[in-house]
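Subject: Structure for your review

Dear colleague,

Please find below the structure that I am handing over to you. My notes on it follow directly after.

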Amino acid sequence: MEFLHALESVRTPFLDGVFSLITMLGEETVFMVAGMLLLWCFDKNWGYRFFFIGLVGNTLNQLLKAIFLIPRPWVLDPNFTIVESAKEAATGYSFPSGHTQTAVTVFGTAAVWQKRRWVTVCCIATILLTGFSRMYLGVHTPLDVCVSLLTGALCVCGISCWFDRVENSPKGKVTLAACAAAFAFVLLFYVIFAPAREANNPEFDAQGVKNAWTLIGTMLGLMLAWFVDETYTRYDNKAIWWAQIIKLVLGLGIIVAIKAGLKPVLSTLFNGHVFADALRYFLMAAAGGVLWPMTFPFFAKLGRKGEAK
């Protein structure tokens with residue numbers, strides 16, 4: 001807490017704004033956009049790899065939160081203040097940092113994918129800045145951030161190596177996907193059935209259950225998309241640059257519409273049960289990985305028509 005108090009003493013409105021922007025690099029929206037950009041416009045194999053790294057990493061992050069039940073810094077020390085604008089995104093237990101884990105997924109995968117020194121340097125700098133922003137804003141301790149840097153790096157390197165090993169093995173890919181899904185179900189089982197302890201916070205526990213269902217839904221949707229592409233569609237995501245932009249913007253619009261539009265519908269249908277979130281994220285993943293790629297031949301033709309002229 002001494003380090004956080006030191007950062008608290010040097011805060012200014014300008015720095016608050018700067019680090020509030022930097023910390024957004026670790027949010028779900030950045031993860032989703034980066035993954036869809038890879039999957040739809042650049043390298044779909046790395047896109048699937050990226051999503052598995054992120055989902056497994058997030059599952060590990062949520063499991064550690066549920067096991068250790070460490071409260072946020074302002075709860076540990078009532079005299080400590082945070083940047084209030086950061087509190088809305090600081091849901092659940094503190095350890096380890098989810099934003100840092102996501103930043104490592106996004107920028108760590110980019111560094112491994114590109115294998116260029118300047119890209120690696122920029123990605124590492126961005127990861128460290130994101131982690132530092134969580135401490136500056138007062139929502140995480142150095143331990144929270146450092147452990148997420150470690151678990152994030154392990155997920156990026158470990159799962160990437162696993163993908164390399166099963167690249168030409170259908171059975172190996174099935175095993176990888178099954179293990180990832182099983183891990184998500186382990187998280188769900190733990191957050192539902194683990195005995196309550198003194199440190200448990202009912203609000204945070206409910207958020208943990210919701211996150212577990214969301215991860216399972218997304219994981220199953222991703223597995224379906226991967227299976228359909230490997231077995232049937234084998235889509236090509238190449239197109240001229242302006243067609244790629246249109247493809248990305250329209251596709252993301254559809255995913256956001258599913259995410260926002262189905263939320264009240266499914267919540268009403270399932271009487272507010274968190275299973276509705278699992279189904280909603282499953283449909284988002286299925287739409288992004290199965291249905292939207294069916295339109296890619298159209299975008300490819302747009303590019304060819306433009307070149308012919």
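Two residues are said to be in contact when heavy atoms of theirs lie within 4.5 Å. Please bear in mind throughout that this is a predicted model.

**Helix packing**

I begin with helices α4 and α6. In α4, the residues W46, F50, I53, G54, G57, N61 and K65 are in contact with G98, Q101, T105, V106, T109, V112 and W113 of α6. Sorted by class, this contact of α4 with α6 comprises six nonpolar, seven polar and one charged residues. Helix α6 spans residues 98-114, and its axis lies 10 Å from that of α4 at a packing angle of about 155°. Angles over 145 degrees count as roughly antiparallel, and α4 and α6 are therefore roughly antiparallel to each other. Their crossing is right-handed.

A second pair consists of helix α3 (residues 28-42) and α12, whose axes come within 11 Å and cross at roughly 30°. Since angles under 35 degrees count as roughly parallel, α3 is roughly parallel to α12. On the α3 side the contact is made by E28, M32, M36, L39 and W40, and on the α12 side by Y281, M284 and G288. The residues of this contact of α3 with α12 divide into six nonpolar, one polar and one charged.

**N61 within α4**

One residue of the α4 contact with α6 deserves a separate note, namely N61. N61 is located in helix α4. With a relative accessible area of 1%, N61 is buried, because the limit for that class is under 20%. When its neighbours within four places in sequence are left aside, N61 is in contact with P96, S97, G98, Q101 and S148.

**Salt bridges**

How many salt bridges does the count come to? The count comes to six, and I describe three of the pairs here.

- D229 and K44 meet through their side chains in a salt bridge, at 3.0 Å from N to O. The pair links distant parts of the chain, with D229 in helix α10 (residues 202-233) and K44 in helix α4 (residues 44-68), 185 residues apart. D229 and K44 are both buried.
- R49 and D164 also meet in a side-chain salt bridge, with an N to O distance of 3.0 Å. This pair too links distant parts of the chain: R49 belongs to helix α4 and D164 to helix α8 (residues 142-166), 115 residues apart. R49 is buried, at a relative accessible area of 6%, whereas D164 counts as partly exposed at 44%.
- D277 forms a salt bridge with R280, in which the closest N and O atoms are 2.7 Å apart. Both residues lie in helix α12 (residues 275-291), three residues apart, or about one turn of the helix. D277 and R280 are both buried.

**The start of the chain**

M1 lies in the segment before α1 (2-9) and, at 28% relative accessibility, counts as partly exposed. Which residues does M1 touch, not counting residues up to four places away in sequence? They are P73, D77, F80 and T141. In addition, the C-alpha atoms of M1 and W74 are 9.7 Å apart in space, although the two are 73 residues apart in sequence.

With kind regards

Conventions
Residues are numbered from 1 along each chain as its sequence is written. This is a predicted model: local features need pLDDT of at least 70, side-chain atom pairs count only at pLDDT 80 or more; totals for chains, interfaces and linings use all residues. Side-chain values use heavy atoms; hydrogens and water are left out. A salt bridge is a side-chain nitrogen of Lys or Arg within 4 Å of a carboxyl oxygen of Asp or Glu. Helices (H or I, at least four residues) and strands (E, at least two) are DSSP runs, numbered from the N terminus. Buried means under 20% relative accessible area, exposed over 50%, partly exposed in between (1.4 Å probe, protein chains only). Axes are lines fitted to C-alpha atoms, for helices over the stretch in contact, and angles run from 0 to 180 degrees between N-to-C directions. Angles under 35 degrees count as roughly parallel, over 145 as roughly antiparallel, 65 to 115 as roughly perpendicular and the rest as oblique. A crossing is left-handed if the near helix is turned anticlockwise from the far one by less than a right angle, and right-handed if clockwise. Ala, Val, Leu, Ile, Met, Phe, Trp, Tyr, Cys and Pro count as nonpolar, Asp, Glu, Lys and Arg as charged, and the others, Gly among them, as polar.
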